[in-house]
Amino acid sequence: MKQTKNRLQIIQNVMFATYAFVVLSTSSIVACSSGLYSGILLLLAGLIICAFVSKINTFVRGFSIHPSTSFSFLKTMFFFVLLALGVLLFWFMGTYPGAFSYDSINQFEQAIYGTYSDWHPVLHTLLFFTLPIKIFNCIESIVIFQIICFSILFGYMETTLYEYGGKKFAIISAAFILSSPFTLNIVMHPWKDVPFAMICATCLLYSVRIYLSNGEWAKRKTNLILTALMLAFASVFRHNGILFSIPLLGTLYFLLPKKKWILLILTSLLIAGSIKVPLYSYLDVSKPGNRVTETMGLPLSIILNVAKECPKSLDNQTSIFVKEITSVQPNWIDNFDINRGFSSIKYDGIDFNLIEKTGRLAIIKMALKSALSSPKQAVLSFIGLTNIVYGINGAGIIGQGIEPNKFGINWGGNYHIKSFQLNYITLIQKSLLTYILCSVGFPILMIITFIIFKFNRHSQTILKFALCSPILIYSFGTMLFLTGKDVRFFYLTYLTTPVAILLLSADKKETFT
């Protein structure tokens, strides 16, 4: 028995050391392109982690959290809602009326004219643009409404963590989320990524309550309907949201009685179908083009980097394809950035029609041929584009600007608070905290670390891993469709990681409250 246990720990150590070294070494490659010091620092960190892997194993295996003995749901939630509101409204005063990118300006235009496009999920535009504008008739209401929704979700999440994981765990989680410049800045943007992260966190919280209460929580019809509603929303708030909702639905099969699980699926399908069919039909929602372009960012990045660095290695078909899609952009080689991939030249005259006409299969085949002819450049392209997901390079620093627009939306915030924001972000960026508070890869590393070291052959442990898997499936699945460093796609990792650690570390309660 002891020999088997030691063998398992050795396997765990090897798995963790391998993943940690890959994460930190690839991060160092990306960092070296902007600064040698950062790259060397990350590489050394990887070596240090590998050297102390046994101690990390011992710590994680021994890490446990326990339910709160004295707990008031309403008081605890009220405290955390007010905490989030206070922090985020203070931050909002420096970014007033919020940060509006081109996408947000476009959704604002859809909301005020009532002409909707599925380029941005219509449900998001309706709930987070049209609704606050119709009620309050002012631009700032959009971001304020998002802040209120975020604060309520945050309060519910931290209350759940407090209930099942104790006071200390909830406070550490709250500090992790609210002190992150990633959180502070992204919530100022009315992007679909914020409510999508909130919905995914809610889905996971409901699933955790079902698991930790031995299914008691799902016996209430309202709770089951709420779970179905959130799963449906997760599927329609982002076009790739099914990468999260479907794995979670599949795992819930093992937590719910068969009839309840079937009811959950049918209710989710009914809600999602009602949004996608009658609602879209009523609003006369238009279907945008360029779908191939939006999903082929990684293959195109590989092709273009090989074309830039090793043009002679391309076959005739791929060489002609590159020349034709960049025909109106003769200086594309100078503008192409390996760490931004296809998006670095995407908006400077690329022939989207030709990409759409060529199709996904042909582009993937050309990318594979390019990778085989120049594997080094292909690997560098892959790392440069995808490292925002698994790397810890502090990629989660998002700007707060407002795109030029015809609606007169301009910055009007407080100069002193704005100065404080810039100083705070700079302080985080120049410290080691940037690798923790500003990197998508750090929360994912935490989840994978707990999965590896908490593993045993007990069926409940495997079920816990399955409940956490939607976070990883969504993150690594979406990674393959990136066109650039769209770190905002992965904000859900910050909200869901504390919930995942709670699930992996907590024991089921004997009684449910």
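The following dialogue sets values computed from a predicted model against the definitions they rest on.

Guide: This is a predicted model, in which local features need pLDDT of at least 70, side-chain atom pairs count only at pLDDT 80 or more, and totals for chains, interfaces and linings use all residues. Residues are numbered from 1 along each chain as its sequence is written, and side-chain values use heavy atoms, with hydrogens and water left out.

Visitor: Why is the pair Lys287 and Asp118 called a salt bridge?

Guide: A salt bridge requires a side-chain nitrogen of Lys or Arg within 4 Å of a carboxyl oxygen of Asp or Glu. The closest N and O atoms of Lys287 and Asp118 are 3.8 Å apart, so the pair meets the criterion. Lys287 lies in the loop between α13 (258-283) and α14 (291-295), and Asp118 in the loop between α5 (102-113) and α6 (122-136), 169 residues apart. Helices here are DSSP runs (H or I, at least four residues), numbered from the N terminus.

Visitor: Which of the words buried or exposed applies to Lys287, and which to Asp118?

Guide: Buried means under 20% relative accessible area, exposed over 50%, and partly exposed in between (1.4 Å probe, protein chains only). Lys287 counts as exposed because its relative accessibility is 59%; Asp118 counts as buried because its value is 4%.

Visitor: What makes Asp193 and Arg488 a salt bridge?

Guide: Their closest N and O atoms are 2.7 Å apart, so the cut-off is satisfied. The pair links distant parts of the chain, with Asp193 in helix α10 (residues 193-212) and Arg488 in the loop between α25 (459-479) and α26 (492-505), 295 residues apart. Asp193 is buried because its relative accessible area is 2%, and Arg488 because its relative accessibility is 12%.

Visitor: How do you know that Glu294 is partly exposed, and what does its side chain meet?

Guide: Glu294 has a relative accessible area of 25%, and is therefore partly exposed. Its side chain meets that of Lys346 in a salt bridge (2.6 Å, N to O). Lys346 lies in helix α18 (residues 343-346) and Glu294 in helix α14, so the pair ties together parts that are 52 residues apart in sequence. Lys346, at 4% relative accessibility, therefore counts as buried.

Visitor: How many salt bridges does the structure hold?

Guide: The structure holds nine salt bridges.

Visitor: How do you know that Cys149 is in no disulfide?

Guide: A disulfide is a pair of cysteine sulfur atoms within 2.5 Å. The structure holds zero disulfides. For Cys149, the nearest cysteine sulfur, that of Cys138, is 15 Å away, so the criterion is not met.

Visitor: What lines the largest pocket?

Guide: A pocket is found on a 1 Å grid over the protein atoms alone, as an open set of points where a 1.4 Å probe fits, with protein on both sides within 12 Å along at least five of seven lines; lining residues have an atom within 4 Å of a point. The largest pocket is lined by 45 residues, of which Asp103, Glu294, Asp486, Arg488 and Phe489 lie nearest its centre. The elements giving two or more residues to this lining are α5, α12 (242-252), α14 and α18. About 1500 Å³ of space lies in the largest pocket.

Visitor: Why is Gln377 called buried, and which residues does Gln377 contact?

Guide: Gln377, in helix α21 (residues 375-390), is buried because its relative accessible area is 12%. Leaving aside neighbours within four places in sequence, Gln377 is in contact (heavy atoms within 4.5 Å) with Asn305, Val306, Glu309 and Cys310.

Definitions and conventions: Points joined across faces, edges and corners; volume = space filled by probe spheres on them.
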